[in-house]
Amino acid sequence: MPMPEPSTPSALCWGEVLWDLFPTGACLGGAPSNLAVHLAAVGVKTALVTRIGADALGQQAMQELQARGLEVSGVQVDPERATGRVGIALEGGEARYTLHPGAWQRIACDDESIRLLRKTRAFCFGTLSQESEVGRASWREALQHVPETAIRFCDPNLRGGRIDPNLVLEHMRAATVVKINEHEAAVFEKTFGCSDAVSWLLEDMQVALVAKTLGPAGAILESKAERAEHPGVTARAGGDNVGAGDAFGAILVAGVLANAPLANIAEAANRYGSFVASAGGATPVPTAEFRHQIAQLLGRFAH
């Protein structure tokens, strides 16, 4: 009797998983990993393709990812390199990062990744894990297996003004949905000589939907046919902004999957981003009531 085919996630997040080393202790992080955790938290069946070390931090990461409801068959184990780590210093709630090399730089497009890619409805990626030659080659191969109808979501997550123009251009041309913040928009405008990053993405890069986040001032979501602005939701004191952008991105992807109106996506994404910014670490666990509120805004997800 044939074995049943494994279930297929609606979203696949590709990229680094890192341990965020705060002065107070370690929390699981990495932008694609954060995105995946938040997608799963709001009811989107999600897989993560990443690479960890054959070490204690890798085992702990795997356990935590499974506990948060992710499909982890695409998590690879590197026999030579350590699980990724990033030092985080907080200055007035703002994070400063010190990145360490690790297994995440050698993600492979292997047979299990291809199985997951071929049926996903949303392929989500940043740029960090593609800065290595191995990482970029694997990501390029992965793109070949993504269905034409799938959403291709990119959050470039530029740090400290660092940008590889060719890498970013390749990613923007591959994406159908892009999220940038004010800082990234300014870097794009300076690097690519455009007066407005959102218009450049929509017109020159042919991105279908762009979200520009404005920190506490909210966000603008824009396609060629629709535009929505949101003034933001004030975060409670005592939290930090680590992972807030990833949380916003997760709700953006969930909303596009649900074909929700941009105004509803903007409301839900700002609420969820504020929830994360009100807490410590990148992936606080939302209550069932809060998840229900987000689901109501976005409508029923198609899993």
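Two strands count as paired when DSSP finds at least two bridges between them. Keep that in mind as you open this predicted model, because strand pairing guides the opening stops of the tour.

**Stop 1: strand 11 and its parallel neighbour**

Select residues 209-213, which make up strand 11. Now add residues 177-181, strand 10. The two strands run parallel and are joined by 5 bridges. To see the register, pick out Lys179, which stands opposite Ala211 of strand 11. Then move to Ile180, whose opposite number in strand 11 is Lys212.

**Stop 2: around the hairpin**

Keep strand 11 on screen and add residues 219-223, strand 12. Here the pairing is antiparallel, again over 5 bridges. Select Thr213 and you will find Ala219 as its bridge partner in strand 12. Strands 11 and 12 form a hairpin, with 5 residues between them. Zoom in on Gly215 in that turn: its phi is positive, at about 65°.

**Stop 3: both faces of strand 11**

Is strand 11 buried or exposed? Colour it by accessibility: 5 of its 5 residues are buried, so the strand is largely enclosed by the rest of the structure. Turn the view to check each face. Leu209, Ala211 and Thr213 lie on one side, Val210 and Lys212 on the other, and all of them are buried.

**Stop 4: the whole sheet**

Zoom out to take in the open sheet of 9 strands, ordered 5-4-1-8-9-10-11-12-13. Its pairing is mixed. Which strands stand at the edges? Select 75-78 for strand 5 and 227-230 for strand 13: each has a single partner strand, so one side of each is left without a neighbour in the sheet. From one strand to the next, the twist averages 15°.

Next, show residues 111-119, helix 3. This helix lies across strand 1 (11-14), strand 4 (46-53), strand 5 and strand 8 (122-125). Relative to strand 1, helix 3 runs at about 135°.

**Stop 5: helices 4 and 5**

Select residues 133-143 (helix 4) and 165-174 (helix 5). Their axes come within 12 Å and cross at roughly 15°. Angles under 35 degrees count as roughly parallel, so helix 4 is roughly parallel to helix 5. The crossing of these two helices is left-handed. Show side chains to see the contact: helix 4 brings Arg136, Trp139, Arg140 and Leu143, while helix 5 brings Leu167, Glu170, His171 and Ala174.

**Stop 6: helices 8 and 9**

Now select residues 244-257 for helix 8 and 262-277 for helix 9. The axes of helix 8 and helix 9 come within 8 Å and cross at roughly 150°. That angle makes helix 8 roughly antiparallel to helix 9, and the crossing is right-handed. Among the residues that meet here are Ala247, Phe248, Ile251 and Gly255 of helix 8, and Ile265, Ala268, Tyr272 and Gly273 of helix 9.

**Stop 7: Asp246**

Stay with helix 8 and centre on Asp246. Its relative accessible area is 9%; buried means under 20%, so Asp246 is buried. Which side chain shares a polar contact with Asp246? Look for Asn34, joined to the Asp246 side chain by a polar contact of 2.9 Å. Beyond its neighbours within four places in sequence, Asp246 is in contact with Ala31, Asn34, Leu35, His38, Asp155 and Asn157. Display those residues together to finish the tour.

Terms used. Residues numbered from 1 in each chain as written. Predicted model: local features only at pLDDT ≥ 70, side-chain atom pairs only at ≥ 80, totals over all residues. Heavy atoms only, no water. Helix = DSSP H or I, 4+ residues; strand = E, 2+ residues; numbered from the N terminus. Buried < 20%, exposed > 50% of the residue type's maximum accessible area, 1.4 Å probe, protein only. Polar contact = N/O pair within 3.5 Å; in protein donor to acceptor, adjacent residues only side chain to side chain. Contact = heavy atoms within 4.5 Å. Axes fitted to C-alpha atoms, helices over the stretch in contact; angles between N-to-C directions. Parallel < 35°, antiparallel > 145°, perpendicular 65-115°, else oblique. Left-handed = near helix turned anticlockwise from the far one by under 90°.
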